[in-house]
Amino acid sequence: MARTERMAQNPLRSFLKAGLLALPLLTGVPVGALADEEALKIIDREKLTDFVQQDCGSCHGLTLEGGLGGPILPENLEHMDADVIQEVILGGLPGTAMPPWRGFLNETEAAFIAEGLKTGAFK
Ligand code: HEC
């Protein structure tokens, strides 16, 4: 009895599983398993630069010289390594207006932004 039930479920299970596995391929959305280096090739640098200037700029100023959020130019970020900045971007700063961007940005994108802030690439 239990055996026949299991067999009856199997085709549906494998169908669902195949569908889930195929989804990222169909939508072109990178999955977590993707190596960072692969992900770097497919992030849209221009779009991210726009994003930093518009979205981050809405608080930190269009030229990142500060507004509601403090200035985030290279000279203001000397006390933070790029990986710490990446964490701040992804996790936000609890107790301040700095929101977490996890869900909008993946790790690679946040790392790209953190590097760019350190080097002044978005000015
Ligand atoms: C809703 C407003 C708001 C937005 C949008 C925002 N921030 Fe912030 N951010 C803050 C506030 C407030 C702080 C903490 C206090 C401060 O730095 O003046 C902060 C702090 C930071 C810090 C730490 C600065 C330091 O010296 O400790 C970094 C780095 C930073 N934000 C980067 C970003 C990036 C990158 C984005 C876009 C992905 C962004 N922020 C979007 C408000 C914002």
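Hi everyone, a definition to start: Ala, Val, Leu, Ile, Met, Phe, Trp, Tyr, Cys and Pro count as nonpolar, Asp, Glu, Lys and Arg as charged, and the others, Gly among them, as polar. What you see is a predicted model, where local features need pLDDT of at least 70 and side-chain atom pairs count only at pLDDT 80 or more, while totals for chains, interfaces and linings use all residues. Residues are numbered from 1 along each chain as its sequence is written, and side-chain values use heavy atoms, with hydrogens and water left out.

Let's begin with the iron. Which protein atoms are donors to the iron atom of the ligand? They are NE2 of His60 and SD of Met98, at 2.0 to 2.2 Å from the iron; donors are N, O and S atoms within 2.8 Å of the metal (3.2 Å for Na, K and Ca), and sites may look incomplete as water is not among the atoms. His60 belongs to helix 3 (residues 45-60) and Met98 to the loop between helix 4 (82-91) and helix 5 (107-119), so the pair ties together parts 38 residues apart in sequence. Helices here are DSSP runs of H or I, at least four residues, numbered from the N terminus.

His60 is buried, at 13% relative accessibility; buried means under 20% relative accessible area (1.4 Å probe, protein chains only).

Now to Leu64, in the loop between helix 3 and helix 4. Leu64 is buried too, at 2%, and has a positive phi of about 65° although it is not a glycine. Most residues other than glycine have a negative phi.

Leu64 also helps line the largest cavity, along with residues including Ile72 and Phe122. By class, that lining has seven nonpolar, two polar and one charged residues. A cavity is a set of points, on a 1 Å grid over the protein atoms alone, where a 1.4 Å probe fits but cannot get out, and lining residues have an atom within 4 Å of a point. Thanks for listening!

Key
Helices (H or I, at least four residues) and strands (E, at least two) are DSSP runs, numbered from the N terminus. Buried means under 20% relative accessible area, exposed over 50%, partly exposed in between (1.4 Å probe, protein chains only). On a 1 Å grid over the protein atoms alone, a cavity is a set of points where a 1.4 Å probe fits but cannot get out, and a pocket is an open set with protein on both sides within 12 Å along at least five of seven lines; lining residues have an atom within 4 Å of a point.
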